[in-house]
Each structure stands twice: as structure tokens, then as C-alpha cells.
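Student: I should like a close look at a single part of this model, given as one connected account. Please state the cut-off behind each term where it is introduced.

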Amino acid sequence: MQGSERTKIAPVLGVIAMTCTLGACNTGAPVLTTGSIPGHKPPMVVSDAERDCLGRAMYFESNRSDGDGLIAVGTVVMNRLENAIFPGGICAVVGQPGQFAPGVLTKPMQDKDLQKVADAADAVLAGERHPKVGKAMYFHTAGRHFPYNNMHYVAVAGGNAFYEKRDSRSAQREKAQLPASVSTYAAAPGAPTP
């Protein structure tokens with residue numbers, strides 16, 4: 001049985017090989033992968049449970065009507081997954097006490113939002129990242145104010161303000177280097193100030 005399949009495939013492979021040498025297959029154009037596209041990481045294959053945990057964090061932590069906010073929260077989860085200070089695995093990151101909304105892994109989600117959340121989770125797992133969130137691993141509800149000076153705000157999306165934690169000396173140096181006319185996310189209307 002296998003021999004007969006090989007005799008059918010060999011001529012087809014020969015035609016494909018000849019076509020590639022004669023045509024567009026030898027253009028020399030660079031090959032783009034998701035890891036080489038700005039704002040994208042290499043795709044990640046995870047279990048259905050891990051995909052569900054990512055979707056749940058995105059659902060319960062963002063404004064569900066805002067795809068940008070879903071991707072932003074997903075970016076934070078993936079940033080934490082890549083960092084050694086957070087536990088391994090998406091479900092472990094999302095389930096870490098005091099980090100995400102209470103009941104994030106157990107509360108029911110509304111059926112009408114499931115497809116949008118699944119699509120956003122798949123996009124994050126395929127390598128999409130929110131371009132402004134960058135390496136930020138923290139966020140809180142936009143409009144809230146905290147007295148800490150180590151919070152460097154990078155984006156506001158989906159009802160959240162995203163920030164990086166920086167030591168106070170580097171935050172003060174950075175603030176001193178910015179011209180007074182430069183507005184930051186923290187100074188944006190509805191965004192928190194550090």
C-alpha cells in the first residue's frame with residue numbers, strides 16, 4: 001500500500017520542485033514569522049485549560065466590549081508567564097492570589113462574549129501583543145490614584161491603566177528628562193497619576 005502512494009506522490013513533488021526553481025519560489029524575499037513582526041511573539045501551543053485561563057483573565061479584567069483591552073490584559077499575562085518571579089503556566093499566573101479579579105477562574109462568563117474572548121485569546125497565543133503595553137506586568141482600573149512613585153504608565157486600554165514598576169531613582173531621572181509639554185498616559189484624562 002505504501003509503495004503505491006509513493007509512486008503517486010513522486011511525480012507531483014517533481015513538478016512542485018521544478019515550478020519553484022522556475023518561478024516565484026526563488027525570489028529571495030525575507031520570510032516573516034510572527035516572531036519577526038513588530039508587536040508579535042512566536043505562537044504558543046497550550047492546552048484547552050490554559051487557553052481558558054487566559055481568556056478568563058482577559059474577560060474579567062477588561063472592558064469586554066473593547067478588543068484592545070482584551071489584548072492588553074492578555075499581553076500582561078504573557079509578560080508574567082515569561083518572567084521568573086511569577087509561577088509557571090498560564091493558569092498558575094492567572095490564579096496567583098491577589099493578582100487578578102477574585103473568582104477569575106471559577107465565575108461564569110456570559111455566552112454572548114465567549115466568541116470574542118476566544119478570538120482574542122487565540123490572537124494572543126498566536127503571538128499578538130498590545131503595542132503600547134510592551135513589557136508591563138501590572139495594571140489597575142483607570143482613574144484610580146496611588147501614591148507610589150515607582151509606577152511608570154505605558155498604556156490605557158479596556159478600562160485599565162498599564163504600568164511597569166521601576167525603582168524610584170530611575171523613575172525620577174526619567175521624569176526629570178521629559179519636557180514639561182510632554183503628556184504621559186498618567187496625565188491623560190481618566191488615567192491615574194503615580
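Tutor: What follows describes one helix and its two helical partners, and then four individual residues around them.

The model is a predicted one, in which local features require pLDDT of at least 70 and side-chain atom pairs count only at pLDDT 80 or more, while totals for chains, interfaces and linings use all residues. Residues are numbered from 1 along each chain as its sequence is written, and side-chain values use heavy atoms, with hydrogens and water left out.

The setting comes first. The chain contains six helices and three strands (DSSP runs numbered from the N terminus, with helices being H or I of at least four residues and strands E of at least two). In sequence order the pattern is α-α-α-α-α-β-β-β-α. Of the 194 residues, 33% are buried (under 20% relative accessible area with a 1.4 Å probe, protein chains only; over 50% is exposed, and partly exposed lies in between). Among the contacts (heavy atoms within 4.5 Å) with a separation of 6 or more, 62% are between residues 24 or more positions apart.

The part chosen for the close look is helix H5, residues 111-125. Its axis and that of helix H3, residues 67-81, come within 10 Å of each other and cross at roughly 45 degrees (axes are lines fitted to C-alpha atoms, for helices over the stretch in contact, and angles run from 0 to 180 degrees between N-to-C directions). H3 and H5 are therefore oblique to each other (under 35 degrees is roughly parallel, over 145 roughly antiparallel, 65 to 115 roughly perpendicular, and the rest oblique). Their crossing is right-handed (the near helix is turned clockwise from the far one by less than a right angle; anticlockwise would be left-handed). On the H3 side, Leu-70, Ile-71, Gly-74 and Met-78 take part, and they meet Lys-116, Ala-120, Ala-123, Val-124 and Leu-125 of H5. By class, the residues in this contact are seven nonpolar, one polar and one charged (Ala, Val, Leu, Ile, Met, Phe, Trp, Tyr, Cys and Pro are nonpolar, Asp, Glu, Lys and Arg charged, and the others, Gly among them, polar).

H5 also packs on helix H2, residues 48-61, where the two axes come within 9 Å and cross at roughly 115 degrees. That angle makes H2 roughly perpendicular to H5. The crossing of H2 and H5 is again right-handed. H2 contributes Arg-51, Leu-54, Gly-55, Met-58 and Tyr-59, and H5 contributes Asp-113, Val-117, Ala-118, Ala-120, Ala-121, Asp-122, Val-124 and Leu-125. Nine of the residues in the contact of H2 with H5 are nonpolar, one is polar and three are charged.

Helix H2 also holds Arg-56, which is buried because its relative accessible area is 10%. Beyond four places in sequence, Arg-56 touches Val-104, Leu-105, Thr-106, Lys-107 and Met-109. A polar atom of the Arg-56 side chain lies 2.8 Å from the backbone oxygen of Lys-107. The C-alpha atoms of Arg-56 and Val-104 are 6.1 Å apart, although 48 residues separate them in sequence.

In the loop between H2 and H3 stands Ser-62, buried at a relative accessible area of 10%. A polar atom of its side chain lies 2.7 Å from the backbone oxygen of Met-58. Not counting residues up to four places away in sequence, Ser-62 touches Gly-69, Leu-70, Val-73, Gly-158 and Asn-160. The C-alpha atom of Ser-62 is 8.9 Å from that of Thr-141, 79 residues apart along the chain.

Asn-160 belongs to strand S3, residues 160-165, and counts as buried because its relative accessibility is 5%. A polar atom of the Asn-160 side chain lies 2.5 Å from the backbone oxygen of Glu-61. Among the residues touched by Asn-160 are Ser-62, Val-73, Phe-139, His-140 and Thr-141.

On the other side of H5 in sequence, the loop between H5 and strand S1 (138-141) contains His-130, also buried, at 5% relative accessibility. Its side chain and that of Asp-68 are joined by a polar contact of 3.0 Å (a pair of N or O atoms within 3.5 Å; within protein, one must be able to donate a hydrogen and the other to accept it, and residues adjacent in sequence count only if both atoms are side-chain atoms). His-130 touches Asp-68, Ile-71, Ala-72, Thr-75, Ala-155 and Ala-157, leaving aside residues up to four places away in sequence. Of these, Ile-71 also takes part in the contact of H3 with H5.
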